[in-house]
Amino acid sequence: MKDMRKLEEIWAKFVYEDELDPSVQPAVADGWRRCKDAGVNPIGGRGRRVTDEVFASIREANAELIDAAMPIMQSVFDIVRRTGFLMVLTDGAGYVLETMGDERVLAKSGDLRFVPGALWDNVSVGTNAISVALDSNTAIQMAGAEHYCRTHHAWTCSAAPIHGEGGEIIGCLNMSGDAADVHDHTLAVVLSAAIGIEGKLSIWRNAELMRSALEGSADSIVLLGDGFRPVWSNSAARKLLGMDGATLSALDFRTLLPDVDWAARGWLRGGSFTDDVRVKTAEGVVRCSAAITHSPALGSGTINVTLKKQKHVLATVNKLIGNRAVYTFDDIITDDPGMKKTVALAARYAHYDGNILIEGESGTGKELLAQAIHNAGSRANGPFVAVNCAALHRDLLEQELFGCESGALPGGAFQGGAPGKFELAHGGTLFLDEISELPIEFQSKLLRAVETHSILRIGGTQEIALDIRIIASTNRRLGALAASGRFRDDLFYRLNVLRIEIPPLRRRPGDIRLCAESVLNRLNGADPAQSKTMSEEFLAGLLNYGWPGNVRELQNGVERAFYSTAEGVLSAQSLSYAIPEAGGESAPARSDSESGEILSALTLCGGDVELAAERLGVSRATLYRHVKRLGIDVKALRHSVSNLKKG
């Protein structure tokens, strides 16, 4: 218990004799000194209220603090209602925002103008608990003559600062009463209440941060309460569903996601669901990836639904696996008039959405041309999905191209479902390389997808409409295959809307030198220490070779010669690295082996060049070239085989 008479003596000695007793609390002593230096009247101490207009702006700036503090102040006041104490909330500057007390104490405080709108700082009313708490950032209890102004000596005040998120002082909570009723517990109550206000503000701020994050999310988020009715949704969800919040909150959300087995999930026991689903919106059905979980932190019955349009998911997948085109028409190097016409035709086709069929031998650059067409068209910002049809396993064709629904495959594979290549190409280009290698029994399914630009996943019940452009390529004559019944003619006609044929490298000899120089320049730039030039003999050897592997074979040959030649000039001797046939004594052995392999294939196929080419994995044109070079008489061979069969 504080000795009030002793405090009066200490106060009087300081005020009238300028002697400061060392027993005065340091924060109080500091306030007294500043009051004396500022000329504060120790007999004064009555507050001065700002205008109503100014006070209204002060309250508006502190609305969140007031909203957080009032319920807590009310709870404390309900406990001390009949004890004659006054509860006061101020802002960080000391302006009184709210007071709470019984009539007697309110009347007493009114005499001091200790009322809302009054500034209660050190200079305005003298040292008091509020000013010390705000100036020293400390909780403090003052009684009687510890106040600088005599008019306050009848009071005891306990005050604690209120801090914001960053630790800054944003307000003060004070409890004042009769000095005779001073008690240590009062300060503890005020401090606890101030901490409670800080905690409430922190929760509100965290909730607002979370709400802002959810609102700013591109994903559609809906929180479901009792009866699976939405209690909150972000703007992305309302936009996706085409409904405002009021309309949405009146719905049983289960009706919008018919693919979810809501009854079997046991949501309130921690159930969860992740899968591709159909979502019924105001504008029709939309396919989305859905994640549905029970959120106990938000309430015992709250379910969190997150929906992401599949086009966003597919964009992420395409980015991760690199489904994009990197080449443009600028990357196509040619001086050949025929090839220039081919490139010009492809550039015109780039501006149309019709299907394109690119024919050309292996290594001529069919995919490079397809990428250039994609990048020159309106779909340049979309995905470029390349599929090597020859590399797809027969049993996985449908899954790879059309995808599958969850649980559609045995063994639990792809539990969340998986999109196929067609879906991944949505908004862009699907490049079907080596289209001629697709089994004829699968071609009818592909035909429907090419005709309608829609697919049905394995295990699915609803077709998925797609916005895609289809470019197909082959190293064989697709028309001839269709005519012979080895490729569906209706699929051929669907693909052969805009046709481009890339001439082989042997038909454009001017490009051999150009391509070789381009490769050498690239290699010299990458490894200047081994920089090389090409001799005329080396170039002559390149020009005299038939290049059955076309540009790809030429590029590989020049690179092989570059790294295998120690000198700074690629000479005639370097040709043995660039061209297999230039290998000196090993060439006849290779020719014998090659001749035997070709003769064997032609014999097994009854002299049918096309079947033999398919068996050898080369184009018909390539096989004819080798047949001519090796001097094989196909007609005679065909006649011999026919006679053997008759015999």
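Here are three short exercises on the pocket and cavities of this predicted model.

**Exercise 1. Find the centre of the largest pocket and say which helices help to line it.**

Step 1: Start with the space itself, which comes to about 690 Å³ in the largest pocket. Step 2: Its lining has 25 residues, and those closest to the centre are Thr364, Gly365, Leu368, Val551 and Gln555. Step 3: Now look at the helices. At least two lining residues come from each of helix H13 (366-376), helix H19 (510-526) and helix H21 (550-564). Step 4: Sort the lining by class, and you get ten nonpolar, seven polar and eight charged residues.

**Exercise 2. Work out how the lining of the largest cavity divides into nonpolar, polar and charged residues.**

Step 1: The model has three cavities of 30 Å³ or more, and the largest cavity holds about 70 Å³ of space. Step 2: List the lining: Ala350, His351, Tyr352, Asp353, Ile373, His374, Gly377, Ser378, Arg379, Thr429 and Arg469. Step 3: Sort these residues, remembering that Gly counts as polar. The result is three nonpolar, five polar and three charged.

**Exercise 3. Do the same sorting for the second largest cavity: how many lining residues are nonpolar, polar and charged?**

Step 1: This cavity has a volume of about 50 Å³. Step 2: Around the second largest cavity you will find Leu112, Phe114, Trp120, Asn128, His147, His152, Trp155 and Cys157. Step 3: Trp and Cys both go with the nonpolar class. The lining then divides into five nonpolar and three polar residues, with no charged ones.

Definitions and conventions: Residues numbered from 1 in each chain as written. Predicted model: local features only at pLDDT ≥ 70, side-chain atom pairs only at ≥ 80, totals over all residues. Heavy atoms only, no water. 1 Å grid on protein atoms, 1.4 Å probe; cavity = no way out; pocket = protein on both sides within 12 Å on 5 of 7 lines; lining within 4 Å. Points joined across faces, edges and corners; volume = space filled by probe spheres on them. Helix = DSSP H or I, 4+ residues; strand = E, 2+ residues; numbered from the N terminus.
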